[in-house]
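Here are my notes on the model, point by point. Please keep the structure open while you read.

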2 protein chains.
Amino acid sequence: MPAESDCTAMLDSETKAVETPEDHADELRLWLRLLTCTTLIEGEVRGRLRQRFDVTLPRFDLMAQLDKAPDGMTLSDVSKRMMVSNGNVTGLVERLVESGHLDRRTSETDRRVQVIRLTKLGRAEFRRMAAEHETWIADLFADLSPKDVRELMRLLAKTKASAQKSAARRRP
Amino acid sequence: MPAESDCTAMLDSETKAVETPEDHADELRLWLRLLTCTTLIEGEVRGRLRQRFDVTLPRFDLMAQLDKAPDGMTLSDVSKRMMVSNGNVTGLVERLVESGHLDRRTSETDRRVQVIRLTKLGRAEFRRMAAEHETWIADLFADLSPKDVRELMRLLAKTKASAQKSAARRRP
DNA sequence: GGAAAACATTTTAGGCTTAAAACAATTCGG
DNA sequence: CCGAATTGTTTTAAGCCTAAAATGTTTTCC
């Protein structure tokens, strides 16, 4: 059995380390499986939100962010938290203000900033939806033991950190 | 310590089982973490595909499906595999045929069916992109040990099965 | 054989999403 | 203090995405 066969790097004729064409099929499969899980659950949640409450998932997500911030958030905050573009938030907020779920006002101390909050209606509707939403999630993950859940949490935390590091390497 | 406090179900005054308001905060956190990981990685891959190859992620995904099917696929097949709506595929295919990456023809045995394939150009470009794409994924998951990867695969398989079961319960 | 069901795709209407450019307000450095 | 970055938001152009309805085709089953 040649010694090289288990190495991940080799020395070339100039004695400089070169990468062997590594096999990353496992990571690729892992990524696809991660994506499948998310797509599956997301689609299910989207459908249930529409059927039960006639609301879209992005609107629900935005309201969820605001529910955790009684004093409101700026559009930038929301955009960072939701990991979507600024322009996207502008449109979402527009429609939710229109429907009476959100209140939007310009900050008194910085006239660039828009602060948005849930209205009474918005908060009431969100709480109603969130309660049911939580049971859907519980059901979707029902076959995982508490230990599975903990272990997944741990591994996904590691995954998140790894991905963030990789992203930071690209644009420092 | 009351015996009920650790129970997940109680008997009410009519001796009928009722659910206690269970706490599913862990599952909820797990779902949000799963979503964060996917969004993070997806965004990174999307950006790199655009910068390096001026291609969108959905187009890349569609080509990836076709690369695995030398004899082509029907639009329905693609739609199921990619877990997106039929109408979505119609538009994607339109643009990829237009740009010369895909070939589309009506099945000879069933005139309802459209069979699509990668063109020579499409296959060549995809292979070039896929090679680089694989290194990005490897880098994004770089901090996971082989054991982590195996364990994540196992737990995500369990998650997928659980979610599919839950989805099937809703629309049998 | 022919109506009815099932199937594959497209169309429609509306909303979501992004990247990049434009605009506006604030902060920073000289 | 003032021009130059920086920051927060909106606009723009293009594409993605979905659910539902519409269209055309095949199968089923009386």
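1. The second largest pocket has a volume of about 290 Å³. A pocket here is an open set of points on a 1 Å grid over the protein atoms alone, where a 1.4 Å probe fits, with protein on both sides within 12 Å along at least five of seven lines. Points are joined across faces, edges and corners, and the volume is the space filled by probe spheres set on them.

2. This pocket is lined by 15 residues, with A:Pro146, A:Val149, B:Asp23, B:Asp26 and B:Glu27 nearest its centre. Lining residues have an atom within 4 Å of a point. Helix H6 (146-170) of chain A and helix H1 (25-53) of chain B each give at least two of them. Helices are DSSP runs (H or I, at least four residues), numbered from the N terminus. By class, the lining has 7 nonpolar, 2 polar and 6 charged residues. Ala, Val, Leu, Ile, Met, Phe, Trp, Tyr, Cys and Pro count as nonpolar, Asp, Glu, Lys and Arg as charged, and the others, Gly among them, as polar.

3. The model is predicted: local features need pLDDT of at least 70, side-chain atom pairs count only at pLDDT 80 or more, and totals for chains, interfaces and linings use all residues. Residues are numbered from 1 along each chain as written, chains are lettered from A and ligands numbered from 1 in written order, and side-chain values use heavy atoms, without hydrogens or water.

4. Which residues come nearest to DNA strand C? Of 24 around the strand, they are A:Ser85, A:Arg95, B:Ser76, B:Asn86 and B:Arg104. Near means a heavy atom within 4 Å. Of the strand C atoms within 4 Å of the protein, 82% belong to sugar or phosphate. A polar side-chain atom of B:Ser76 lies 2.4 Å from a phosphate oxygen of strand C. For A:Ser85, a polar backbone atom is 2.8 Å from a phosphate oxygen of this strand. H4(A) supplies the largest share of this surface, 4 residues.

5. DNA strand D is also surrounded by 24 residues, A:Ser76 and B:Ser85 among the closest. A polar side-chain atom of A:Ser76 is 2.5 Å from a phosphate oxygen of strand D. A backbone polar atom of B:Ser85 is 2.7 Å from a phosphate oxygen of strand D. Here H4(B) gives the largest share, 4 residues.

6. A rotation of 180 degrees with 0.0 Å of shift along its axis superposes chain A on chain B, RMSD 0.0 Å. The two copies are therefore related as by a two-fold rotation axis. The fit is by least squares on C-alpha atoms of residues with pLDDT of at least 70 in both.

Note on methods: Polar contact = N/O pair within 3.5 Å; in protein donor to acceptor, adjacent residues only side chain to side chain. Helix = DSSP H or I, 4+ residues; strand = E, 2+ residues; numbered from the N terminus.
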